[in-house]
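Work through the exercises below with the model open. Each task is followed by a solution in steps.

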Amino acid sequence: MFTDIKAFSSFSVDDIGRAQQFYADTLGLRVSRDDKMGGLLTLHIAGDRPVLVYPKADHEPARHTVLNFPVPDVDRAVDELTARGVRFARYEGMGQDEKGVMRGKGPTIAWFTDPAGNILSVLAQD
């Protein structure tokens, strides 16, 4: 039924302006905004798979990762994002190193949040 349909992902934030600044300026994504739709953001990610970010007054961040960024070098990505003010999350029992990187339990991965508390990650590219 959905074989030839391009799907897309979406998630909410509590402050669309802060989200736009974070995704565009901190992460360096191309972001467009549609104020006719209440400030709906589109994150233009390589591979022609847009991600929609919408404002929600009673936003509650998901308890799972909503967006993963595969990168060739997790340590380099963590260092660059840390220099841009991103703080990496630590989760009990995950065995993360001093940078917040988990190694050896699946893909090498590090988690961080956007200003609305949504969980994102950088993980080792296959």
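**Exercise 1.** Determine which domains supply the lining of the largest pocket in this predicted model, and how many residues at least come from each.

Solution.
- Start with the division of the chain: domain 1 covers 9–55 and domain 2 covers 65–124.
- Assign the lining residues to these ranges. Each of the two domains contributes at least three residues to the lining of the largest pocket.
- Then look at the centre of the pocket. Of the 18 lining residues, Leu-27, Phe-69, Val-71, Ala-77 and Val-122 lie nearest to it.
- Go on to the secondary structure elements. Strand S5 (65–71) and helix H2 (74–83) each provide at least two lining residues, and S5 gives the most, with five.
- Sort the lining by class: 12 residues are nonpolar, two are polar and four are charged.
- Finish with the volume of the largest pocket, which is about 410 Å³.

**Exercise 2.** Describe how domain 1 and domain 2 are placed relative to each other, using the separation of their centres and the residues in contact.

Solution.
- Take the centres over C-alpha atoms; those of domain 1 and domain 2 are separated by 20 Å.
- Count contacts, with heavy atoms within 4.5 Å as the cut-off. On the domain 1 side 15 residues take part, and they meet 13 residues of domain 2.

**Exercise 3.** Work out the order of the four strands in the open sheet and state the kind of pairing.

Solution.
- Read across the sheet: the order is S1-S4-S3-S2, and the pairing is mixed.
- Identify the edges. Strand S1 (9–13) and strand S2 (30–34) each pair on one side only.
- From one strand to the next, the twist averages 25°.
- Check the parallel part: S1 and S4 are joined by five bridges in the parallel sense, and Phe-11 faces Val-53 in S4.
- Check the antiparallel part: strand S3 (residues 40–44) and strand S4 (residues 51–55) pair over three bridges. Here Leu-41 is opposite Val-53, while Leu-43 has Val-51 as its bridge partner.
- Inspect the hairpin of S3 and S4. Six residues lie between the strands, and Gly-47 has a positive phi near 95°.

**Exercise 4.** Find which strands of the sheet helix H1 (residues 16–26) touches, and give its direction relative to S2.

Solution.
- Return to the sheet of four strands, ordered S1-S4-S3-S2.
- Helix H1 packs on this sheet and touches S1, S2, S3 and S4.
- Compare directions: that of H1 makes about 160° with that of S2.

Notes
Residues numbered from 1 in each chain as written. Predicted model: local features only at pLDDT ≥ 70, side-chain atom pairs only at ≥ 80, totals over all residues. Heavy atoms only, no water. 1 Å grid on protein atoms, 1.4 Å probe; cavity = no way out; pocket = protein on both sides within 12 Å on 5 of 7 lines; lining within 4 Å. Points joined across faces, edges and corners; volume = space filled by probe spheres on them. Nonpolar A, V, L, I, M, F, W, Y, C, P; charged D, E, K, R; others polar. Domains from an automatic or database assignment. Pairing = 2+ DSSP bridges. Axes fitted to C-alpha atoms, helices over the stretch in contact; angles between N-to-C directions.
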